[in-house]
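Trainee: I should like to go through this protein with you, step by step. May we begin with the overall fold and then turn to the details?

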Amino acid sequence: ALCMASLDSFKVYIDKINGFPIAVMLLFEIGLADSILTAQNVAKYGLDIEGNPLLKKIMGHWGVLPGLFITKLIVFVVIIYTAHMMNKTHYKIRGEYLLYGAAICWLYGAVSNALVQ
């Protein structure tokens, strides 16, 4: 009985946690890691190492660091805004799931960049 009471109180506590800031921080940190690893690989192997043709073209035009970080920042803001609007409009899927999904996509990029080194 004590265990069930503890689980119930824990569930109430967890339900009150706003996971949005946690998901934003996760997205930011993984995006930053992906950007840093991408910049290192481009510096070491050249622009052709970048697999995203649009990002490659932007980095070729604006320069590696400005192109990479400005593009990442724009995408970051769009993802956060979309997730925020999903929650604000009571969309059937929580915005945090979009943030976690985007973080997973950037994690794949970071891991593939780490494996190149």
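The exchange below concerns a predicted model.

Trainee: How many helices and how many strands does the protein have?

Mentor: Read along the sequence, this predicted model follows the pattern α-α-α-α-α. The count therefore stands, under the DSSP assignment of runs, at five helices and zero strands.

Trainee: What share of the contacts with a separation of 6 or more is accounted for by residues 24 or more positions apart?

Mentor: Contact here means heavy atoms within 4.5 Å. Among the contacts in the protein with a separation of 6 or more, residues 24 or more positions apart account for 63%.

Trainee: Which element gives the most residues to the largest nonpolar core?

Mentor: That core has 13 residues, of which Leu27, Ile80 and Leu99 touch the most other members. The elements giving two or more residues to this core are helix H2 (20-45), H4 and H5. With five residues, the element that gives the most is H2.

Trainee: Which residues does isoleucine 80 touch, leaving aside those up to four places away in sequence?

Mentor: Isoleucine 80 is one of the residues that touch the most other members of the largest nonpolar core. Not counting residues up to four places away in sequence, the residues that isoleucine 80 touches are Phe20, Val24, Leu27 and Leu99.

Trainee: Are the axes of H3 and H4 parallel or oblique to each other?

Mentor: The axes of helix H3 (residues 53-62) and helix H4 (residues 64-88) come within 6 Å and cross at roughly 130°. An angle over 145 degrees would count as roughly antiparallel, and 65 to 115 as roughly perpendicular. The crossing angle therefore makes H3, relative to H4, oblique.

Trainee: How many charged residues are in the contact of H3 with H4?

Mentor: From H3, Leu55, Ile58, Met59 and Trp62 take part, and they meet Val64, Pro66, Gly67, Leu68, Ile70 and Thr71 in H4. By class, this contact has eight nonpolar and two polar residues, and the number of charged residues is zero.

Trainee: Is leucine 115 buried or exposed?

Mentor: Leucine 115 has its place in helix H5 (residues 95-116). Its C-alpha lies 9.9 Å from that of leucine 37, although the two are 78 residues apart in sequence. The cut-off for the exposed class is over 50% relative accessible area. Because the relative accessible area of leucine 115 is 70%, this residue is exposed.

Methods. Residues numbered from 1 in each chain as written. Predicted model: local features only at pLDDT ≥ 70, side-chain atom pairs only at ≥ 80, totals over all residues. Heavy atoms only, no water. Axes fitted to C-alpha atoms, helices over the stretch in contact; angles between N-to-C directions. Helix = DSSP H or I, 4+ residues; strand = E, 2+ residues; numbered from the N terminus. Parallel < 35°, antiparallel > 145°, perpendicular 65-115°, else oblique. Nonpolar A, V, L, I, M, F, W, Y, C, P; charged D, E, K, R; others polar. Buried < 20%, exposed > 50% of the residue type's maximum accessible area, 1.4 Å probe, protein only. Core = buried A, V, L, I, M, F, W, Y, C linked by side-chain atoms within 4.5 Å.
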